[in-house]
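Let's take a walk through this one together. Have the sequence and the 3D view open, and follow along.

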Amino acid sequence: MKTLSLEGRMTLVVAGSAIVGALVFAGVSIWPFPQVLAWIRAVPDKVGKLPAVTPIEPFDGGTALIICLLVLLPLSAWVAHALVEPLRRLMRALESAVASYKDGDFSMSIGTSRRDELGDLIRMHNALGQTLRDQRQHLAQRELLLDTVVQNTPVALVLTDPSGKVTYANIAARHLFNEGRALAGLDFDTVLAAMPESLREAAAGGEDALFSVEMDGSEETFHLSQRGFRLQGRPHRLQLYRRMTRELSRQEVHTWKRVIRVISHELNNSLAPISSLSHSGAELARRGDLARLPGVFASIGDRAKHLHSFIAGYASFAKLPAPQSRPVPWVPFLDALALHAQFRLASPPPEQSGWFDPTQVEQVLINLIKNAHEAGGDANEVSVAVHQVGRDTLIEVADRGPGMSETVLAQALLPFYSTKRSGTGLGLALAREISEAHGGRIALANREGGGLRVTLVLPAGSP
């Protein structure tokens, strides 16, 4: 609670000054200063002779004003000093506190017993300092926690500045690149010069990469992730080296198991009827019933043909060549696609030509449209749409079937995964392989109102 505000104090000072000035002027011009001065003038030279004091005329206004100024100016200076000095001390304290804040020291507080506006300002300043101290302590704790996590993560982390000097490296990076010694301040290119060639090439590429190196007598596979960003206004580069040997080994074993199960299942489905039909054919030949033998041989041929096409599909997936990208106009490409698959064009294609291998992308779209028809929805709702979004081309194949569950969506793009009894698991896997070979990606999502949308993203290229 304010006992007296600055405005009230100033009002009292001004009112007091006016009263004192009026009293001094009256004392100088009317009474008692003129009477005292006249008495002093009338004192005789000899002691003991005291003539009667004769009244004199009051001072004129000019003389009285000069005498008032001579009296009031020193008094005003003393009063001004007494009023301003506490304010000056507070301003100096505030300047020191602000300078401390500028230097990052938030421990300074200002004591005050004032109950006016300046007191409120000081108390708000102290509250601000306490808030900044709490935030600084909280940030320090978070930085300590983050540093602890980063230092103890198995991923090797290296941060370099624009000149290539290492500004930060965790424990894993020190063990990977410098035998456990500190990396801060070293030139990272010089450090990489002592590393295997595959690692140097991956780091020099400037992009994410998967590479293998010989370490401690065994082959280690690493995934390199590189990102550039600005730190304190300067460009920096972050490189993350993650060991992938165990993960890839587990995934490879899991994939091989799945492949063996699928191939074993398909071989059993084909070889068992062939064996049975062969036995039936031999029995018919023994009985002399030659008229039924052509049907038996035809069935054996059909099963063998199906088995051949199944094995050929796997072989084509394993021998998929690198894409030969070139400019492809969309209208002729979609017209040719309509000759192999039935679909509805959802929107006019972009005028700008695409940049991809037309043979591989056409095969992908044929498989996706075939899957859309096999989903069980209305055949007229199977649609294809091509959109240009920035520098990327989006090809969408949509249907109105039952869609996919979350579990199936999470595994649908894995090789050799299929929900169809006669499926090989190569359709979506082949689409993913071809899209990634083009530098793009594939995404699956359920549609609102039912159905599935498969989006093939192809990055723009340079003709």
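How many residues sit between β3 and β4 in their hairpin, and which residue in the turn has a positive phi? There are two residues between the strands, and aspartate 216 is the one with the positive phi, at about 55 degrees. Before going further, keep in mind that this is a predicted model.

Now let's look at the two strands on either side of that turn. β3 covers residues 209-215 and runs antiparallel to β4, with seven bridges joining them. To find one of the pairings, go to phenylalanine 211: its bridge partner in β4 is phenylalanine 222.

On its other side, β4 has β5 for company. These two also pair in the antiparallel sense, over ten bridges. Here you can look for arginine 230, which stands opposite proline 235 in β5. In the loop between β4 (218-231) and β5 (234-243) you'll meet glutamine 232. Glutamine 232 isn't a glycine, yet its phi is positive, at about 55 degrees. That's worth a second look, because most residues other than glycine have a negative phi. Is glutamine 232 buried or exposed? With a relative accessible area of 79%, glutamine 232 is exposed, since the cut-off for that is over 50%.

Zoom out a bit and the whole sheet comes into view. It is an open sheet of five strands in the order β2-β1-β5-β4-β3, with antiparallel pairing. At the edges are β2 (166-169) and β3, each pairing on one side only. From one strand to the next, the twist averages 25 degrees.

Helices lie across this sheet too. One of them, α5, crosses β1 (156-160), β2, β3, β4 and β5, and runs at about 85 degrees to β1. Another is α7, made of residues 197-205, which lies across β3, β4 and β5 at about 155 degrees to β3. Follow α5 (171-178) into the loop that leads to α6 (188-192) and you'll come to glutamate 179. Glutamate 179 has a positive phi of about 55 degrees, although it is not a glycine. Its relative accessible area is 66%, so glutamate 179 counts as exposed.

Next, move along the chain to another sheet. This is an open one of five strands as well, in the order β7-β9-β10-β12-β11, but the pairing is mixed. β7 (344-345) and β11 (441-446) each have a single partner strand, so one side of each is left without a neighbour in the sheet. Inside the sheet, β10 (residues 392-398) and β12 (residues 452-459) run antiparallel and are joined by seven bridges. For a pair to look up, try leucine 394, whose bridge partner in β12 is valine 457.

This sheet has helices packed on it. Helix α10 (residues 330-338) touches β7, β9 (383-389) and β10, and its direction makes about 160 degrees with that of β9. Helix α11 (residues 358-374) touches β9, β10 and β12, with its direction at about 30 degrees to that of β10.

One last stop, this time on the surface. Val20, Leu75 and Trp78 form a nonpolar patch there, with about 310 Å² of accessible area together. Valine 20 belongs to helix α1 (residues 6-29). Its relative accessibility is 34%, so valine 20 counts as partly exposed.

Notes:
Residues numbered from 1 in each chain as written. Predicted model: local features only at pLDDT ≥ 70, side-chain atom pairs only at ≥ 80, totals over all residues. Heavy atoms only, no water. Pairing = 2+ DSSP bridges. Helix = DSSP H or I, 4+ residues; strand = E, 2+ residues; numbered from the N terminus. Contact = heavy atoms within 4.5 Å. Axes fitted to C-alpha atoms, helices over the stretch in contact; angles between N-to-C directions. Patch = residues over 30% accessible without salt bridge, like charges linked within 9 Å, V, L, I, M, F, W, Y side chains within 5 Å. Areas by Shrake-Rupley, 256 points an atom, 1.4 Å probe, with all protein chains shown as cover. Salt bridge = Lys/Arg side-chain N within 4 Å of Asp/Glu carboxyl O. Buried < 20%, exposed > 50% of the residue type's maximum accessible area, 1.4 Å probe, protein only.
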